[in-house]
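Colleague: I am preparing a first-year class, and I would like a close look at the sheet with mixed pairing and at what lies around it. Please go slowly and explain each term when it comes up.

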Amino acid sequence: MANFWKKLWILLDLSQRKLKFLFVILIIFELLRLIGPYLLKLIIDELISFKIEKVSLILMMIAGMFLSEQITSLVAYFKDKKIFAILIDMEYYLPTRAQKKLVSLSLNYHEKENTGNKISKIQRGVDKISDLMANMCWEVIPTLIQLVATFAILLIVDWRFGFLFFLFAPTFIWVTYKVNRGLHSIREQRHRDYEESAGKMGESIININTVQSFVQEKREVKEYSSIREMIKVNELKEWFKILQVNIGRNFIVDTGRISILLLGVYLVWHGQVSIGTLVFVITLSEKSFFSLFRLSRFYDKIQESSVAVDRFINLANENPDIKNKANGLKPKIIRGEIEFREVEFTYEESNAKALDNVSFKIAAGTINAFVGPSGGGKTTVARMIYRHYDPQSGTVLLDGRDLREYDLYGFRQFIAIVPQEVEIFNASVQSNIAYSNPKATPADIRRAARIANAEEFIKNLKNGYETEVGERGIKLSGGQRQRIGIARAILADPKILIFDEATSSLDSHSEKLIQEAMERISKQRTVIMIAHRLSTIRNADRIFVLEDGRLVERGSHSELSDAKRGLYAHLLKLQQEGDVD
Ligand code: ADP
């Protein structure tokens with residue numbers, strides 16, 4: 001637990017100074033609040049041995065009470081203002097930092113967790129942290145100060161009061177602590193379920209097309225509700241347990257109050273304390289016992305939120321697997337020569353090597369194709385060039401330098417990829433194309449669209465370039481999305497262009513358009529094509545054939561098709577017979 005608070009404190013680094021200052025205000029505030037009851041004690045004592053000449057003193061003390069209340073409320077104003085400022089500030093910087101972190105984390109992390117989970121983690125984390133801090137500032141810390149002050153005063157008044165208070169308060173705190181320890185595992189489970197349920201909900205909506213076409217709505221609903229059911233069961237279990245413990249906690253508090261009262265009566269009876277003092281002691285201890293109870297309720301809540309907070313903190317402390325070298329190379333321009341030297345790579349959740357001792361060299365300005373059966377490692381090669389992953393052994397070099405020597409953003413800006421599934425933002429066609437270069441003018445965008453053979457279909461859209469294309473480009477066909485991807489890559493004006501050809505989603509017309517577009521933009525660039533259809537790569541300068549992570553053949557189309565025993569010739573034959581891929 002101490003560790004948790006430490007981590008939280010570090011997470012809230014931007015608020016640390018303000019929190020320390022707040023702590024001082026809180027101490028002043030709680031001390032001020034003791035003045036009223038103390039004056040009341042003095043007044044009662046004066047009344048018990050009432051003398052007429054004391055009237056003005058009594059009146060002054062009453063006025064003093066009023067004045068101290070007013071000062072207290074003024075301090076309360078500053079205190080609350082401070083608390084709000086801190087909380088609102090946190091709600092700004094926590095999610096913005098979380099987003100910054102998420103977009104910087106490598107593909108490896110993102111592939112491990114689904115979108116719904118991540119969003120839920122951030123949202124619940126931020127909510128719970130601000131809940132937690134609100135409780136801390138308004139309840140927990142003031143109460144703790146109050147408890148310490150009460151204990152000290154009771155000790156000063158009569159050590160026996162202090163002793164009784166000291167006996168009951170910790171027992172109460174211990175019981176609260178024990179029950180929460182017991183509930184921890186249920187709570188953790190519940191939070192995992194929350195994230196899972198958010199993930200499930202997200203998935204069923206993102207894949208709605210598949211869900212509906214295979215009539216799996218009922219199953220989705222069932223799976224979602226079974227997770228929520230688990231949450232319900234655990235939550236009820238948790239709260240019923242707490243309610244049960246409350247009976248015990250009530251008993252402890254009541255026994256404590258009665259004991260102090262009994263002791264007080266005994267001491268007054270023997271003339272050891274005045275009635276005023278008894279009233280003062282009772283007021284303070286009642287207030288403290290009552291706060292103790294509230295404190296325990298907040299402790300339950302804090303424990304409850306700590307799990308969500310912990311998950312958020314873990315995200316904040318997640319280390320990118322791809323380390324960006326400090327002062328890495330930031331070339332002004334690159335030639336675009338790529339080399340793999342004995343590259344070995346295995347994905348985290350896989351046993352087989354995705355790349356097995358792969359070595360090759362790609363000259364700047366050439367067109368290169370990677371082909372082979374699916375699962376061969378083609379996409380992995382592309383990802384290594386981007387440095388989405390680092391090889392476990394061997395090196396990937398750009399212009400003769402290890403990729404790890406470059407600044408990550410410094411070299412990536414010279415590379416553009418047209419992925420199989422072009423990712424489309426919920427915005428206009430125009431801003432989707434310009435995503436790679438926000439400074440592009442409308443004329444630039446049109447030129448790129450023309451080169452990418454995209455203008456023809458864009459003009460037929462309802463609002464042309466202004467048409468909103470829907471989340472993930474749901475309103476566009478596969479071929480259209482890919483041409484947008486090409487236009488986007490053109491605007492980036494890369495030295496290295498990676499083109500991951502879509503498999504069978506394209507009709508031959510779209511394929512031809514895309515092919516043309518590719519040829520137009522290949523000039524003066526290093527082009528890497530991941531090809532599924534061999535028909536599209538005849539003009540490639542070099543073809544690399546990958547099978548099970550190994551580079552089994554390389555050469556030009558004519559060389560490879562002549563090698564009758566080779567895999568390429570075999571694949572070519574299969575495709576010519578119409579048995580694609
Ligand atoms: P290709 O593009 O040639 O179809 P890939 O490079 O995508 O092949 O995949 C190579 C191997 O790595 C395959 O066996 C695939 O299952 C595995 N693989 C790809 N991506 C991942 C991943 N994110 N996690 C684990 N295994 C993966």
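Modeller: Six strands make up an open sheet, arranged in the order β6-β7-β8-β3-β9-β10 and with mixed pairing; two strands count as paired if DSSP finds at least two bridges between them. At its edges are β6 (415-418) and β10 (550-555), each of which pairs on one side only. On average, neighbouring strands of this sheet are turned by 20 degrees against each other, direction ignored, where the axes are lines fitted to C-alpha atoms (for helices over the stretch in contact) and angles between N-to-C directions run from 0 to 180 degrees. Strands here are DSSP runs of E with at least two residues, helices are runs of H or I with at least four, and both are numbered from the N terminus.

This is a predicted model, in which local features need pLDDT of at least 70 and side-chain atom pairs count only at pLDDT 80 or more, while totals for chains, interfaces and linings use all residues. Residues are numbered from 1 along each chain as its sequence is written, and side-chain values use heavy atoms, with hydrogens and water left out.

Let us follow strand β3, which covers residues 367-371. On one side, β3 pairs with strand β8 (residues 526-530) in the parallel sense over four bridges, and within that pairing A369 stands opposite M529. Strand β9 (residues 542-547) is also parallel to β3 and is joined to it by four bridges. Two of the facing positions in that pairing can be named: N368 stands opposite R542, and F370 has F544 as its bridge partner. In a regular strand, side chains alternate between the two faces of the sheet. Strand β3 is mostly covered, since four of its five residues are buried, where buried means under 20% relative accessible area, exposed means over 50% and partly exposed lies in between (1.4 Å probe, protein chains only).

From the strand we can turn to the ligand, whose surrounding residues are E111, Y347, S350, A354, S374, G375, G376, G377, K378, T379 and T380; a residue belongs in this list if one of its heavy atoms lies within 4 Å of the ligand. By kind, this shell divides into two nonpolar, seven polar and two charged residues, with Ala, Val, Leu, Ile, Met, Phe, Trp, Tyr, Cys and Pro counted as nonpolar, Asp, Glu, Lys and Arg as charged, and the others, Gly among them, as polar.

The backbone takes part as well. A polar backbone atom of G376 is 3.1 Å from an oxygen atom of the ligand, a backbone N or O atom of G377 lies 2.9 Å from a ligand oxygen, and for K378 a backbone N or O atom again lies 2.9 Å from an oxygen atom of the ligand. Taken alone, the ligand exposes 560 Å², and the protein buries 66% of that; such accessible areas come from the Shrake-Rupley method with a 1.4 Å probe, and for residues only the protein chains shown count as cover. A polar contact is a pair of N or O atoms within 3.5 Å; within protein, one atom must be able to donate a hydrogen and the other to accept it, and residues adjacent in sequence count only if both atoms are side-chain atoms.

The largest share of the shell, three residues, comes from helix α10 (residues 378-386). Helix α10 is mostly covered, with seven of its nine residues buried, namely K378, T380, V381, A382, M384, I385 and Y386. K378 and T380 are therefore buried residues of the helix that also belong to the ligand's surroundings. Just after α10, R387 takes a positive phi of about 60 degrees.

For comparison, there is another sheet, in which four strands form an open arrangement in the order β2-β1-β4-β5 with antiparallel pairing. The edge strands there are β2 (355-362) and β5 (401-402), each pairing on one side only. Strand β1 (residues 338-345) and strand β4 (residues 393-398) run antiparallel and are joined by five bridges, and the partner of F340 in β4 is V396. In the loop between α9 (275-316) and β1 lies N327, which has a positive phi near 55 degrees although N327 is a residue other than glycine. N327 counts as exposed because its relative accessibility is 78%.
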